[in-house]
Amino acid sequence: MNVDGIREMLQNGKSVEELVHSIFDKIEHSKLNAFVTLAKESALEEARRVDKHGAKGMLGGIPIGIKDSISTKGIQTTCCSKILEGYVPPYDAHVIERLKAEGAIIIGKTNMDEFAMGTSTETSRFGPARNPWDLSRVPGGSSGGSAAAVAGGEVPLALGSDTGGSVRCPASFCGVVGLKPTYGLVSRYGLIAYANSLEQIGPFAGNVKDVALLLDVISGYDSRDSTSMTKKCEYLKELKDDVSDVKIGVPKEFFGEGIDEKVEKAVWGGIKALEDMGASYTEISLPHTKYSLAVYYIIAMSEASSNLARFDGLRYGLRLGKDKDWHTTFSEIKAQGFGEEVKRRILLGTYALSAGYYGKYYLKALKVRTLIKRDFEFALKDTNVLITPTMPFPAFKIGEKIGEPLALYLADVNTVPINLAGVPSVSVPCGFAGKLPIGMQIIGRHFDEATILRTAYVFERNGGG
Amino acid sequence: MITKKTVDHLGWLARIKLTEEEKEKFPDQLNSILDYFEKLDEVEADVSPTHHVLGLTNVFRDDVAGQSISQEDALGNAPRKERGYFKGPRII
Amino acid sequence: MKEVIIGLEVHVQLNKLRSKLFCSCSTQYHDSEPDTHTCPVCLGLPGALPVTNGKAVDNAIKVALALNCNIEEWTMFYRKNYYYPDLVKGFQISQYDYPIATNGSISLDMEGGERIIRIKRVHMEEDPGKLVHVGTIDKSRYSLIDYNRSGMALLEVVTEPDLRTPKEARLFLNKLKNILEYLDVFDSSLEGSLRVDANISLAGGARAEIKNISSYKGVEKALLFEIVRQNNLVRRGVKVVQETRHFDEVRGITISLRTKEGEEDYRYFPEPDLVPITIADRVDDIKKTLPELPDAKRQRFVLQYGISDNHAKVLISELGLANFFETVATEVDANLSATWVADILKGELNYRDLDISAFSPNHMVQILQVLKKDTITENGAVQVIRTILDEGGTPSEIVKIKSKDLLKMDVDASENITLRVIEENPGAFQDFCKGKNEAMHFLMGQVMKETHGTVNRSTVIELLNKSKKEKLQNAPDNHREA
């Protein structure tokens, strides 16, 4: 299911209402648990409106799934946490306003790890989402529902959010395309924060073209996000079948210990294929990569510990029986409302920011982040893309890693450095390990989404993946 | 080094009432993660901290009053309310 | 009595701004229903983001300049993490390292001379919402919260522990308010515009922090209470403990707010949703827009108008009053203006709890002009002022209607009444002739009473002296006796 295919169906006489009905039918019979809240009424109403007045806008009549971390007016938004049970936002995120303005039809909210803290979509309060390629396996995370919904043919497009790999990881595990934009390219207004200084909303689709189209819709300056910046081009227009100017850097640190052999082989195969298509490559080094995970988790947990303080049950969200004094009331709401992984990260973040430890952890992490960012800027002077495996291994079994928090954190080894550097990165399918898809990560210069998308596009068109 | 007592204090700071079981389990888990963070001690980072990854500064809004949301919308998600106010627990 | 050491943390709302600090909700919520001036940002809804009001930063720089502070090269916002039901995000966007300004001062004019109160730092932060307790804070079963105030721009001015008496603390606050109003960044008349945390200790003892005192008088009252309380403890040999206390305005006492769970740890870290602010390049432009400040105005008034420093001090205490005076002084004699504005009009306004805006400077000019022409008496002029304040009208109308009472009596009538008073009070007149001042005041009082104040004091004094002279000439024996 892709955008062109849907447009063709609609042109051949199928109504948007029929399409949307069939989508809901499919979701309701699906085993993927990709959607956690459906917006049936508003989606059908919008579908009928498009049928009546014709499809307008860049995404007229095109269905889309939205990660449950993105604020949707009138549609329950919970970050798949019990603490936000029943919260129906009175406002739309910037990206939702953009989607609506371009005629997209919001199908519902997709499953995710609670507050985007995870690599497997197993910590959702709605239960784990499943990988369409093997239902016993995870779809990756934290935007697992979005990736699974696209891979499972439930929607052609979906939005996720990527703090340390949460778009690219599930894209890789589910064999779809997922992009983490340059920090600041897409407004975060309305994205429920996990780690503000790292995250971006990113598009998922079955192919590169649709990802570029969706990026065109959601990107650009928004005055309500102080970290938002102006975009430089329209991405779909920049896609052309030419990589002769593409100079690939292959950072050796991303092919290190713990990388599955099949994954390594597949990605090298991808690089060689691109070379055959006209690109060139050199092996390079990003020396501070080994510190990325520590830096990432310190920053993310610290910011999260503060971001998640607001869920006190006064203005929205979970409230327990009878109120006690306010300390006890708040403490019991959080005890009941947050899952174990969320509590773990809040406690660690609280520790990292507490008196006497700020310098050792948070401030030090911000400084090492500067070094990591410089590595990328330096490497991307002589190259214009970097290519690595997205994930060190293909999708694992549900329940396989959930008992060992640290082991699960280490799975983000190749994705977190990109968020630290703020650069864009896209994961494209590049072969299989058995039945399971493998993802190749293409990283670019700040705001040069055009080049990484074009590289992915050429790779996809010429038999990659 | 995080002890049971540290976990207890962190729970207080974060206003999360932890169960006995959590207080027993968390110290080891958190310590293994902190051990991993020790890696950073080996880096000499004589550089400025990254505040905004692209070095953005001075982002301002004009002092213009805009539309607020309605009282109904403001209170729409409040589990408890009274006479246009949010209703909260007692203070002392 | 041990020496008292006081430091203040003053939170003033930058309430002349049109919109809040990080969102565009209007600041004009004071007469509104609760929770009608909020949005996703100031309600702390998940996903909402702050964007800094540029004018708030400019106003903060203005204040910092006026308080003689060092303005930092750049500044940034931090998150101060703590919980309270009025705080929507579980943290307050405030400043920590790199506040907007440090090391300033305010000079106080005390009886014993000038006192310099050092200012440690000035920083910006957002205001929490407002808690309404049902009953008193310690008895209430639940709280009600109005978030209209949430996100208002606050400026926190922190002093060094340089204040020594509750009165000094009050004078400091008055001076600060005065400066802020001159800068046109602050309206002190609005409810909740100022809140003070006061740290107070007796020399050598632990310090109590009294939180959230919301009136100027309250600060003095709370501090006076604390001094008595701490002294009583010391006298009884009980150690004063370091703690946070709440001031109960109604009962005029402070109450311990001890929490058993231990110290808070604010876990400050840079607000990742905002970017750093470079201020050095803004300062020069803002400096050019700074108005004349109270101390400078006071000096100028003395120099330019030749009025007394005491009058100047009263006149500059409110910007409106100072401007009023200048308008009047350009039309009529400056010293006469100073006396009438600073002593008489100000007194009448205070008595009625009115602002200087309740009186027109043109009316004052007209009154003083008539007074100078000697058509009405001083008392008559006071009557005109009172009538305008109480009943309205213009000076010329009032003079016309009440002419009988106000217009100056002719000299003959004055003389008759004065002579009658002398005749009726021979003892007092004799004392007056012996040079007793009190006797003169008594006789003057009697004449004024009889004439309802419609004679000139100088006329009466002239008449009294004339009679005295006559009496002395007629009775040389008495003179000798004296």
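**Exercise 1.** How many residue pairs are in polar contact between chain B and chain C? Describe the interface between chain B and chain C as well.

*Solution.* The model is predicted.

Step 1. Between chain B and chain C, 20 residue pairs are in polar contact, with both residues at pLDDT 80 or more. The count of salt bridges between chain B and chain C is 0.

Step 2. On the side of chain B that touches chain C, α1 (4–13), β1 (60–61), α3 (71–75) and β3 (85–89) of chain B each supply at least two residues. The most is given by β3(B), with 5 residues.

Step 3. The size of an interface is often given as the accessible area lost when the parts come together. For chain B and chain C the buried area is about 3800 Å², and carbon and sulfur atoms give 60% of that area.

Step 4. In terms of contacts, 34 residues of chain B meet 55 residues of chain C. B:Lys87 lies over the face of C:Tyr142, at 4.2 Å from the ring centre.

**Exercise 2.** Classify the ring pair of A:Tyr362 and C:Phe269, and state where its two residues lie.

*Solution.* Step 1. A pair of aromatic rings is described by the distance of the centres and the angle of the planes. Over all chains, the structure holds 34 aromatic pairs.

Step 2. The ring centres of A:Tyr362 and C:Phe269 are 5.3 Å apart, and the cut-off for a pair is 6.5 Å. Their planes stand at 75°; angles over 60 degrees count as edge-to-face. The pair is therefore edge-to-face.

Step 3. A:Tyr362 belongs to helix α12 (residues 359–382) of chain A, and C:Phe269 to strand β16 (residues 269–270) of chain C, so the pair joins two chains. Both A:Tyr362 and C:Phe269 are buried.

**Exercise 3.** Is C:Gln13 buried or exposed? Describe the surroundings of C:Gln13.

*Solution.* Step 1. C:Gln13 is part of strand β1 (residues 4–13) of chain C.

Step 2. The relative accessibility of C:Gln13 is 0%, and the limit for a buried residue is under 20%. C:Gln13 therefore counts as buried.

Step 3. With neighbours within four places in sequence left aside, C:Gln13 is in contact with several residues, including C:Tyr29, C:His30, C:Arg149, C:Phe186 and C:Arg195. C:Asp127 is also among them; the side chains of C:Gln13 and C:Asp127 make a polar contact (3.1 Å).

Methods. Residues are numbered from 1 along each chain as its sequence is written. Chains are lettered from A and ligands numbered from 1 in the order in which they are written. This is a predicted model: local features need pLDDT of at least 70, side-chain atom pairs count only at pLDDT 80 or more; totals for chains, interfaces and linings use all residues. Side-chain values use heavy atoms; hydrogens and water are left out. Rings of Phe, Tyr and Trp (its six-membered ring) pair if their centres lie within 6.5 Å; planes under 30 degrees apart count as stacked, over 60 as edge-to-face and the rest as tilted. Helices (H or I, at least four residues) and strands (E, at least two) are DSSP runs, numbered from the N terminus. Buried means under 20% relative accessible area, exposed over 50%, partly exposed in between (1.4 Å probe, protein chains only). A charge sits over a ring if NZ of Lys or CZ of Arg is within 6 Å of the ring centre and within 35 degrees of the ring normal. Contact means heavy atoms within 4.5 Å. Buried area is the accessible area (1.4 Å probe) that two parts lose on being put together, summed over both. A salt bridge is a side-chain nitrogen of Lys or Arg within 4 Å of a carboxyl oxygen of Asp or Glu. A polar contact is a pair of N or O atoms within 3.5 Å; within protein, one must be able to donate a hydrogen and the other to accept it, and residues adjacent in sequence count only if both atoms are side-chain atoms.
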